[in-house]
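Welcome! Let us take a walk through this structure together, one strand at a time.

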Amino acid sequence: MASPRTCLLLSVFTIFSLLFLASSSSSSSTKDHRPGTIVIPLTRTPKSKQSREPSEYLQRLASTSSPRLKTSLFPHSYGGHSITLSFGTPPQKLSFLVDTGSHVVAAPCTTEYTCTNCSFSADKVRIFNPELSSSSKLLGCKSPKCVDTNFPDVPRGCPDCTNCSHACPPYTLQYASGASTGFFLSETLYFRRKTVHKFLLGCTTAAAREPLSDAIAGFGRTLFSFPTQMGVNKFAYCLNSHDYDDTRNSSKLVLDYNEGATKGLSYVHLLQNPPIAPIYFYLGVEDIMIGNRFLRIPREHLAPGSDARGGVIIDSGYAYGYMTIQVYKIVTDELKRQMSKYRRFYEGEDQTGYSPCYNFTGHKSIKIPNLVYQFTSGASMVVPAKNYFLLDDEMTFACFPLDTDGTKTLEGSPGPSVILGNSQQVNYYIEFDLKNERLGFQQQTC
């Protein structure tokens, strides 16, 4: 994971189930979908009609109330930030990647966990073992929480019978570089001063091509996500730079049960999600600037279509960010124009795959223009060069490290045109106001 390219984490494109993963898991081979190595009871299906109401659902999840809860947020060399969560009775403590581009809370699980073609050894992964927890229960197929992870409005149900007590069918999650499959558990979460019963936890039993061994805490916009299950009105974080090291200088993640605006923050409205992309936080962006120059990005790239193509999302699980090839070309052409006095570092471009790169040798001072997101609310987010350029320690070389692809039209796979990654968010206080569907931000030292 040493190279920046391999550290760019899990992509945010969630698609249909991978059959090879589901079939490779021994847990999916039985007719009633029970994982063979987990001997724990199924959850009882709620009989009250009120239990299906969203307000009742959230009240049931959160057993205590508190205006704000804070926990430490640690930067890591793989390009992400993690929190520590404790599940089970007695509690089992695991590290979870905080990922606003994902929507499921899931951990490597059971003693038979496997990971094929992964960048780590599966036998060294810290797992959650449900057999050691008296509060673990398999999610039943009749539970209202037994829904499709890609389309949360679609119930999975009991596929083979109408009056049975089978487990909810296995889930499969795919990212750009890998995928995982497993079963949902109803479990107890201990988080700071709060205890949450019947928390929906993904028990991942098999994975492939995963870049990191940490569990994942999805913070996206569905009922599976961590903030939704905690019943908060908003959550916030202030990210330290990870600098691709494992410094233990932590920042804070805040879960907030208060309502209303936070003093000092600028806000941008969150756009309505396309039905086939319910998890992302789409930002209302008017245009993008390099320095003081507006780039006049075509509108189809700044707002998502009904087919989920286009739009700008903010993603804490993606290191630097991503731009589809059309936006990437507009941005880098302007960068090249404004930085034409510096020598291009073509050898660095060949070595890293990033472009453009520059060699500043011989310059007493350098100036890299800011990257600016101009929001439809009138507010703007200024991203300084150190947050969106890959710089060496001596400021001798620099590369533009945002990912792109070879797609020349919006006719490729559905997905956002721009991903505002976690490095671009460093030293910003970022607040996700779920109740009022807006994002607040303020530049500060984290």
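Ala215 and Ala217 point one way from strand S10, which covers residues 215-218. Ile216 and Gly218 point the other way from S10, and the residues on both faces are buried. Keep in mind as you look around that this is a predicted model. Buried here stands for a relative accessible area under 20%.

Which strands pair with S10? One is strand S3 (residues 92-99), which runs parallel to S10 and is joined to it by four bridges. Another is strand S4 (residues 105-108), which pairs with S10 in the antiparallel sense over two bridges. Now find Ile216 once more: this residue of S10 is the bridge partner of Leu97, and Ile216 is also the bridge partner of Ala106. In general, strands of a sheet pair through backbone hydrogen bonds, and the pairing can be parallel or antiparallel.

Next, move along to an open sheet of four strands. Its order is S15-S14-S20-S21, and the pairing is antiparallel. At the edges you will find strand S15 (293-294) and strand S21 (380-383), each of which pairs on one side only. Strand S20, made of residues 371-375, is joined to S21 by four bridges, and the two run antiparallel. To see this pairing up close, look for Gln374, which stands opposite Ser380 in S21.

Here is another open sheet of four strands, this one with the order S18-S19-S23-S22 and antiparallel pairing. Why is one side of S18 and of S22 left without a neighbour in the sheet? Strand S18 (343-344) and strand S22 (390-391) stand at the edges and have a single partner strand each, so one side of each strand has no neighbour there. For S18, two bridges lead to strand S19 (residues 357-359), and S18 and S19 run antiparallel. Within this pairing, Arg343 has Asn359 in S19 as its bridge partner.

Finally, turn to the surface. Lys70, Arg192, Arg193 and Lys252 form a positive patch there. Lys70 belongs to strand S1, which spans residues 68-75. Is Lys70 buried, partly exposed or exposed? Its relative accessible area is 44%, so Lys70 counts as partly exposed, a class that lies between buried, under 20%, and exposed, over 50%. Compare that with Ala215 back in strand S10, which is buried.

Conventions:
Residues are numbered from 1 along each chain as its sequence is written. This is a predicted model: local features need pLDDT of at least 70, side-chain atom pairs count only at pLDDT 80 or more; totals for chains, interfaces and linings use all residues. Side-chain values use heavy atoms; hydrogens and water are left out. Two strands pair if DSSP finds at least two bridges between them. Patches are made of residues with over 30% relative accessible area and no salt bridge: like charges are joined within 9 Å, nonpolar side chains (Val, Leu, Ile, Met, Phe, Trp, Tyr) within 5 Å. Accessible areas come from the Shrake-Rupley method with a 1.4 Å probe; for residues, only the protein chains shown count as cover. A salt bridge is a side-chain nitrogen of Lys or Arg within 4 Å of a carboxyl oxygen of Asp or Glu. Lys and Arg count as positive and Asp and Glu as negative; His and the chain ends are not counted. The place of a charge is taken as NZ of Lys, CZ of Arg, CG of Asp or CD of Glu. Buried means under 20% relative accessible area, exposed over 50%, partly exposed in between (1.4 Å probe, protein chains only).
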